[in-house]
Structure formats: C-alpha cells, structure tokens
Amino acid sequence: MSVWNFSYAALGLLLAPLLPGIVNRTKAVFAGRHGQPLLQTYYDLAKLLRKGAVYSRTTSWVFRLAPAGGLACVIAALLLVPAGDYAAPLAFPGDLILLAYLLGLMRFMTVCAALDTGSSFEGMGASREVQFSALTEPALILGLAALAYATGSFSLSGIFGGVTRPDWLQVGPALVLVAAALLIVFLAENSRIPVDDPNTHLELTMIHEVMILDYSGPDLAFILYGASLKLWLLGALLANIFLPLSGRSGPLQIACLVAGIFVVAVVTGVIESVMARLSLLKVPQLLVGAAAMSVLGFVLMLRYAL
Amino acid sequence: MTLIITALAIWLATGALCLAFSKRPRLVQAIGPAGAVLGSLPALFAAGCALFCGSTGALQLPWSLPGANFVIGMDAISAFFTLPIVSICALAAIYGREYLRPYEGRKALGVSWCMFNLLSASMLLVVLARNGVLFLLAWEAMSLSSFFLVMFEGEKPEVRRAGWTYLVATHIGAAFLLVLFVLLGRPTGSLDFDGFGQIAGTPALASLAFVLAVVGFGTKAGFMPLHVWLPEAHPAAPSHVSAVMSGVMIKTGIYGLLRTLLWLGPPPLWWGYLLVGIGVVSGVLGILFALAQHDLKRLLAYCSVENVGVIAIGLGIGLIGLGSHHPLPAALGLAGALLHVVNHAIFKSLLFMGAGSVLHATGSRELDQLGGLLKSMPSTGATFMAGAAAISGLPPFNGFVSEFLIYFAAFGLLGAAGIPVVLAALAAIVSLALIGGLAAACFTKAFGTIFLGEARSSQAEHAHEAGPGMRAPQILLAALCLAIGVTAPFAIGVLKPVVKQLAGATDLGDWTGAAALPLAVVACAGVGLLALFCLLIALRAMLPARRMTTAAGTWDCGYIAPTPRMQYTASSFSDPLTRFFGPLLGIRRKFAGPRGFFPDRASHSTETPDMSRERIYKPAFIAIERAMAKFQWIQHGRLNLYILYIVLTLLALLTWKLGRP
C-alpha cells in the first residue's frame, strides 16, 4: 500500500467535476459554440454551497438525507477502483459486487427522495430509473464476471491489474465486446445520451434530472458532485480496460489513466453530439443488448482463454 | 433437552389455558403472548448453547405408536433453524397482542392464541424430530395450526378461499413426504432418522428421494411453481401470523430439504443444477410477480418466493461445488443460503409487521390508497425502509452479506473445469443481479407509495402510529438487520458447524479463513459508509447557509392545482417493468377509455393472476377430474353394491396373499 494506491481516489475527488466540463466543451466544439468554461461545475458547486435551500412541504427526512447518503455511497465506491497495478485502498476479493451494490444503494436513496416529493414527474423519473437500472445491473455484473473469468481474479484490482497486452492480443474481440457493454452501462448509469439527456428541460423525457427537480442549494451541490464522481468512477473502469499499463512506473500509470478518463469524457461528448436520445421504449433493448454483449464476450473467453 | 421439553410444555399448557379461558378475551390476551414469549426463552437458550458451545444432545421418551419413537435431538442444523423460529415467534407474539386488541370480544382469540402456541411448538418439534412418524405428525400439526390461524377472519369469502388453497397445497406436499419417508425407511424397516443414511448406497433411490424431497418440502418452502398457496394464505392471515409463516414456517421446508440431503450421500451434479434452476425461476418470477401486485401483503408473499429462490440458488451452487470438488464455493454457497434463511426471517417478519401496522392504521392493504404515512407513522416508516433496503440486498444491511456470499461462491465456480458448471454459475450470477435490481424497484415502489408523498385517501390522511407493543419488535428487527450487516465476519463463525455438518465427509478446508477477509472489508465498508454519511450530514450542517431554508410546495411544472390523486401510483411506477416482462406475467388489463363527444366515465384496472395456478394447476385438475369422471359408473349410491365391492376386494387380496409362497 503506497501513496499511489490512494492517489487515484484522491485525484477523483479533486478532478471529477472537470468531467462534465470536458463533455460540455466537446459538445460545444461539435456545435461550433464557445461553450461554458471547463471549470463550470466547480463554479456551480461553490455557488450552490453558499446558497440556502427550498424544501417542499410534502417532503420528509428521506428527501433531506438522501443527497448526503448518495454522496457517501459513491465516495465509498471510489475507494474500490484500482489504478493499473495499484490496488484500490479497499481492494478485496468480491469488491466488484460491493461496487455494484453501493451504486444500487445510491439509486435506492435517490428514487426514494424523488417519490418523497409526491410529484408525478419525479415519480415518472423514478419509475424509469428503476426500470433501466434493473437491466443495467446484470450487464455491469456480467461484464465484470467475464473479465473476472479471463483474469482469474474476483477483485477489481486483480482484474484490471490482470488485463495485460497479451490479453488484448489473445482475447481482444471478447474484451472489445465487454468494453462496449461497459460503455453502454457507463452511459446509462450516468444518465447520458442515448439513454437520458442531461440537458433537456422537458420533465416528461428526463430520468435522472427529473428525479432531482426539487433539490436546491447545498443538496443540489451534493448531488452534482456525486454525479461527477460517478462519471469518474465508471470512466475509470473503462480507462483501466483500455490501458493495459502493467509494469510501468507509478506516476506514468496514474497520469495515463487520468488522461484515459478525460478521453472517455471526450468520447461521451462525441456520442452526445452525434446521436439523439433513444425513444424510451427502445432503451431496454439497448440495455439488454449490452447484457447480451457481455454474455457473448464471456462465451468467447470460455472458448479461447482456456 | 430439558429446556426443549420445558419450552414445549409451556407452549402447550398456555395454549390449552387459552382455549379454557376463551370466554375472557383480556385474560387470553395476557396468557397467550406471555406463554409464547416464555416458552421461546428456554428453547432459544438451548439452541444458543448448541450452536455456540457445541452442546448437542438427544432425548427419547416412551411412546406406544407403531413405528414411532419420540426421539428428539439437537445438532448444528436443528439449532441453527431453532434460533430464528423461536425468536420470530416470540417477537410476533408481542406484536400480535396489540395487533389483535381491536378484535377482543369480536373474535375467538382463545383459539387463535392456542393455535399460535401450537404452531410454535410444532415448528420446534419439526426441526428437532428424529423419527419419521414424529416428524410427519409435527409437520401436520404445523400445517393445521397455521391453517386455523389463516382462517382467523373466516367469514370473508376470500379468506376461506385462501385457507382452502393452503390446505390442499400443503397436503399434496405432505403426500410426497409420506412416500419419501417410506422410501427412506425401507432399507432398515425403521422410521428412525439414524437408519435413513443407508439409502445413499443406491444412487437411483437417493435421486428419487431427492426429487420427492424437492417437491414435498418445496411446496412448503414455496418453490415456483409449487408456491400457489403463499400469495393466497399470507395476505389472508393476521399480520403477526403472516410474519411467522413467511418468516420462519416456510423455512421448515428448507430445513427438511437439508436434513434429507444429509442422508442421501454425496450429491451428483444434476441435483445442484436442478436447485439452481428452481432458484432462478422462483427468484426472477417471484420478484416480477411481486412487482406486479398492488396489495401490500400479496407483494410481500411473492417476495418470499423470490427469497426462497435466492436460498435455492445458494444451495444449488453449494451442491455443485460439492459435486465438482470445489470445496470453497461449496462452503460459501451453503453458508450464503443458510445466512439468507436467517436474514429473510428477520426482514420479512419486519416487513409483514410493518404491513400489519399500516393495515391497522388505515384499514387498507391497497398500495394505491396509501401515501404519506412517514409523517404520521415515523417509527414504522423508518423500520420499513430499513427492511426494504435489507431485502433489496443493499449494504450495509444483512441481505447484502448473504447475497454476497452466494455471488462469491458462484464467482468461485467460474474458474471450474466443465462448461455446464460454469454456465450454472453464470446463470446464478445473472439472475442474482437481475433479482437485485428488480427487488430494489419493487421495494422503492412499496415504501415510496405507502410512506412517501401525499396521502391518496382520507384513511391514509388520518393514520396514526402503532402502539409501543407493535413498534418495539419492528425496531428490534431493523436493528438486527443492520447488526448482522456490520458484524458479517462473526456470522460466518456461527455458520461454520452447520456447513461442516452439511458437507458430510467432504473436507471443506479453511473456508472461513478465505471468507473472513472479504466479509471483514464488507463490514468495515458498512461502518465506514455510515460514518461517511454522518460526516457529510455534519458538513452540510456546518455550511454557512444552513439556516436559509424555505418551505414551498413541490415544483409542479407550472400547473396550478395539483392534488394528491395526481401522484404517481404503485401501478404506474412499476408499469414499465411489468410491461417489459409482460409475456411472463400474464397481466389482465381492463380498460374503458372515455368515448364519444361527451365522455363521462373511464376506468382502468390491472390484475395479475398467478401464472402457475392459471396455466398449470387449473388445467391439470380439470384433466384429472375428466379422467376420474370416466369411473363414475362405479358409483351409483347403492349400498349393497358398495358392500359387494368390499367383499370382492377382500377376496382378491386373500387369494393374492394365499397365492404367494
């Protein structure tokens, strides 16, 4: 356990709010706009933390405690994510299950908070969120199971330390399938196009944004920060698959992985620029497709990795 | 063993006293629950001693029934199942005392409490019996006493229908058990459990016995498609009885299956595949049907089917591990299943008690009639939320620990040789993930529509918090959910002797050592999560702007007059998912939209009848009835002909007997 083990999580806490900025800047470049500053999320957070909050009379303690609970979950999950050779601070066999379920707990609280407002719009968002996440979770766990099978490890740190260049040469196609599935999971979990649109202000079509419609002030800041951290967390998983850096020096690995996450953010921006949001009825098909890709990747590994 | 006899004696004696004083409801309300609690104490102590200090024992009393022996024994498995049975019975009795108060003088409470104590005694006897006849008698006493408890409100037609379904289902299951015990007792000619192990010598018979046990005990446990009685009986019973039935009585089915496995020798692989298959079907379909319900107790009943499915997946993975010589996954799968037995007992009884309090306060089990109860019932709401998170398998609660162990076991099998084993493990992983997501959807729906938002009806608006006698057991159970979640490594120590006994001759190695690290981190992560949460709350409170809060109405998107009836309902919340899985559910929609130029009324309702009842049992029973109708010519109602039949039969038997050498 060295300082590098903690550096990735610490960098995440610091740099995560940069990711929405990168996504937005990419989209602005595509649209030929100037776009908001890269650091806009930091400004938003600073401003929101200074503001007061408005609470609906319908809400209860569930609504007030949910943002802190969600943020606690995602910070705990961040401690499970490794960086190349450097095991995560909380690495243990089975941590990938804990990761998936911590995200589940975060969602549980957000959904309860949304239902607490008694608004039908937020109920609608909550209903969609649980539908899509019920389908995303198998895709995520299957994708990680395929990687666990390929590397013979049941810990995220072991898995991503185990994905090496020879693996890419040997079971490359299977890894591509799994990575594609995880990319879809990344987009769905972070409420990005083509599953959800973070920019729309039509309550009827939103999922995540509509669930947090009633939050304001510091609570909204907690939620925004939590969402950035989630972007970082799942982006880090993707970066870890694509960058088999095993054996390189510590600073180089960390620097490459951070750059990798930024690339994932740019890719997200590109996807958001070139695609429209899918119709809500099509989203489950995409998510089941992701699960199917994971299974296919698994089967390919079963065939070739032995 | 003296303790056990004391417990049984207290239960039976107070049960008899309740019957004797049934004209005086106040007295019965004192004797019944007091007896239930007092009786459970010595049994709890005995089980605790057996499990923690390893003090096992057996007792034989004289009994003059042919083939029967009154033998009871306490070993690790019995002790492990005794713990939840007696604790949940005691807590449910405390809860039930207050729950039944409105019925004082209106209902035969003496009979109800007598049956409750009889149910506790017979469940204890089921897990301790060491003789086939004694076991079956206790089993039957358990079924009948719970039947009478279900029929508490027998004047309602739906309760009578539910009771009837339960009675039929449980006896079909018992018929399989009868055959099972005859089969097991055949080699030695005795129905004592000691000799049952001989069947392991003939694998074909052992497999037959396994299938009989899966059907017979599976009917009680609620394996799909044998579960039909659960969604009928659990909503019909009074809530404290539902808590006992769903929390622990269905687990006697799991106990029976485990006990049978002890006799059958090393399991072949297909037993494991069968259990994983049953588990996947029960788990996924159970939670989908739960999602489609709008009656709270029916939802919880289907959710029991799901949890029994999770237990079956764990057992199946354990058996596959044993069969394919992977000791670690075997131990972890069995341990996960066993821990889930206890966990489900805790959170399911908690949730049924919560449902009972809601019913008590509002008079309604319909989710779409409720809402906003967290404000009027803060304690019930908070404990229900803990139960909902626990049953969805979320950390830091106990449901996560047992599901984690099963996941861990399944991931361990991924590295195994043999494609079928890997595929079974993969199926277990996928379905656990799917079940996790769907359970979260189901319980955010239940908790959200009942306790959050605004009241949807006037009953919900004028709800009141339940009394201390109903709140205390729920608080205790919710605390247990959290306690097991954050002391996970300790739980493994308790499971060790039980898993060892189940593994039989197989050496499992140091599996607790292998599981200790992950569970320790899981427990630490749970504690850390709570600490982090408190830290963030404190940070939030220290912000300069903490006092600048304004109260306003919920953002209504510009609409001026929203009403509580415009909130999202339970049905609309789960509609996308139930539509997506529609082909599996067979939901019936009745929709009459507004018509014409001057539309006056419109209606929409959905109903989800049980698939296996509609598609399997109904056609099967109709077919049997048709086949039987062909023999109607034998029956004409003339007595002399019937006597002739008897004489002919006797003659035939006599000639057959004489004809044999």
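Are A:Arg107 and A:Glu189 buried or exposed? Both residues are buried. Keep that pair in mind as you look around this model, which is a predicted one.

## A charged pair inside chain A

A:Arg107 and A:Glu189 do more than sit out of reach of the surface. They form a salt bridge, with the closest N and O atoms 2.6 Å apart. A:Arg107 belongs to helix H5 of chain A and A:Glu189 to helix H8 (residues 165-189), so the pair ties together parts that are 82 residues apart in sequence. There's company, too: A:Arg107, A:Glu129, A:Glu137, A:Glu189 and A:Lys230 are linked in a network of salt bridges. Side chains of opposite charge can pair when their charged atoms come close.

Over all chains, a search of the whole structure turns up 21 salt bridges. Here are three of them.

| Pair | N to O distance | Accessibility |
|---|---|---|
| A:Arg107 and A:Glu189 | 2.6 Å | both buried |
| A:Asp219 and B:Arg540 | 2.9 Å | both buried |
| B:Glu614 and B:Arg588 | 2.9 Å | partly exposed at 25% and partly exposed at 42% |

The B:Glu614 and B:Arg588 pair links distant parts of its chain. B:Glu614 is in helix H24 (residues 611-629) of chain B and B:Arg588 in strand S4 (residues 588-592), 26 residues apart.

## Where the two chains meet

The A:Asp219 and B:Arg540 pair takes us across to the other chain. A:Asp219 sits in helix H10 of chain A, while B:Arg540 sits in helix H21 (residues 511-542) of chain B. How many salt bridges does the rule find across the interface of chain A and chain B? Just one, with the side chains of B:Arg540 and A:Asp219 meeting at 2.9 Å, N to O. Polar contacts add to the picture, with 13 residue pairs found across that interface.

On the chain A side, the elements that each supply at least two residues touching chain B include helix H3 (40-50), strand S1 (53-56), helix H4 (61-78) and helix H12 (283-304). Helix H6 of chain A gives the largest share of that side, 17 residues. Sort the residues of that side by kind and you get 46 nonpolar, 15 polar and eight charged.

As for the contact as a whole, 69 residues come from chain A and 68 residues from chain B. Between them the chains bury about 6,100 Å², and 79% of it is on carbon and sulfur atoms. Which residues of chain A lose the most area to chain B? They are A:Tyr101, A:Phe108 and A:Phe154, together accounting for 12% of what that side buries.

## A loop residue that touches both chains

B:Gln567 is worth picking out. You'll find this residue in the loop between strand S3 (549-552) and helix H22 (570-580) of chain B. B:Gln567 has a relative accessible area of 6%, which is under the 20% cut-off, so this glutamine counts as buried. Leaving aside neighbours within four places in sequence, B:Gln567 is in contact with A:Gly118 and A:Ser120 from chain A, and with B:Gly453, B:Glu454, B:Ala455 and B:Arg456 from chain B. B:Arg456 is 111 residues away along the chain, yet the two C-alpha atoms are separated by 8.2 Å. The side chain of B:Gln567 also reaches the backbone oxygen of B:Pro564, at 2.9 Å.

## Covered parts of chain B

Helix H9 of chain B (residues 239-249) is mostly covered, with 11 of its 11 residues buried. Among them are B:His240, B:Ser242, B:Met245 and B:Ser246.

B:His234, in helix H8 (residues 230-236) of chain B, is buried at 0% relative accessibility. Not counting residues up to four places away in sequence, B:His234 touches B:Ser242, B:Met245 and B:Ser246, and its other contacts include B:Trp229, B:Lys297 and B:Phe352.

## Cysteines without partners

How many disulfides does the structure hold over all chains? Zero. B:Cys89, for one, is in no disulfide, and the nearest cysteine sulfur, that of B:Cys114, is 14 Å away. B:Cys89 counts as buried, at 1% relative accessibility. B:Cys534 is in no disulfide either, with the nearest cysteine sulfur, that of A:Cys73, 13 Å away. B:Cys534 is partly exposed, with a relative accessible area of 48%.

Terms used
Residues numbered from 1 in each chain as written. Chains lettered and ligands numbered in written order. Predicted model: local features only at pLDDT ≥ 70, side-chain atom pairs only at ≥ 80, totals over all residues. Heavy atoms only, no water. Disulfide = S-S within 2.5 Å. Buried < 20%, exposed > 50% of the residue type's maximum accessible area, 1.4 Å probe, protein only. Contact = heavy atoms within 4.5 Å. Buried area = accessible area lost by both parts, 1.4 Å probe. Salt bridge = Lys/Arg side-chain N within 4 Å of Asp/Glu carboxyl O. Polar contact = N/O pair within 3.5 Å; in protein donor to acceptor, adjacent residues only side chain to side chain. Helix = DSSP H or I, 4+ residues; strand = E, 2+ residues; numbered from the N terminus. Nonpolar A, V, L, I, M, F, W, Y, C, P; charged D, E, K, R; others polar.
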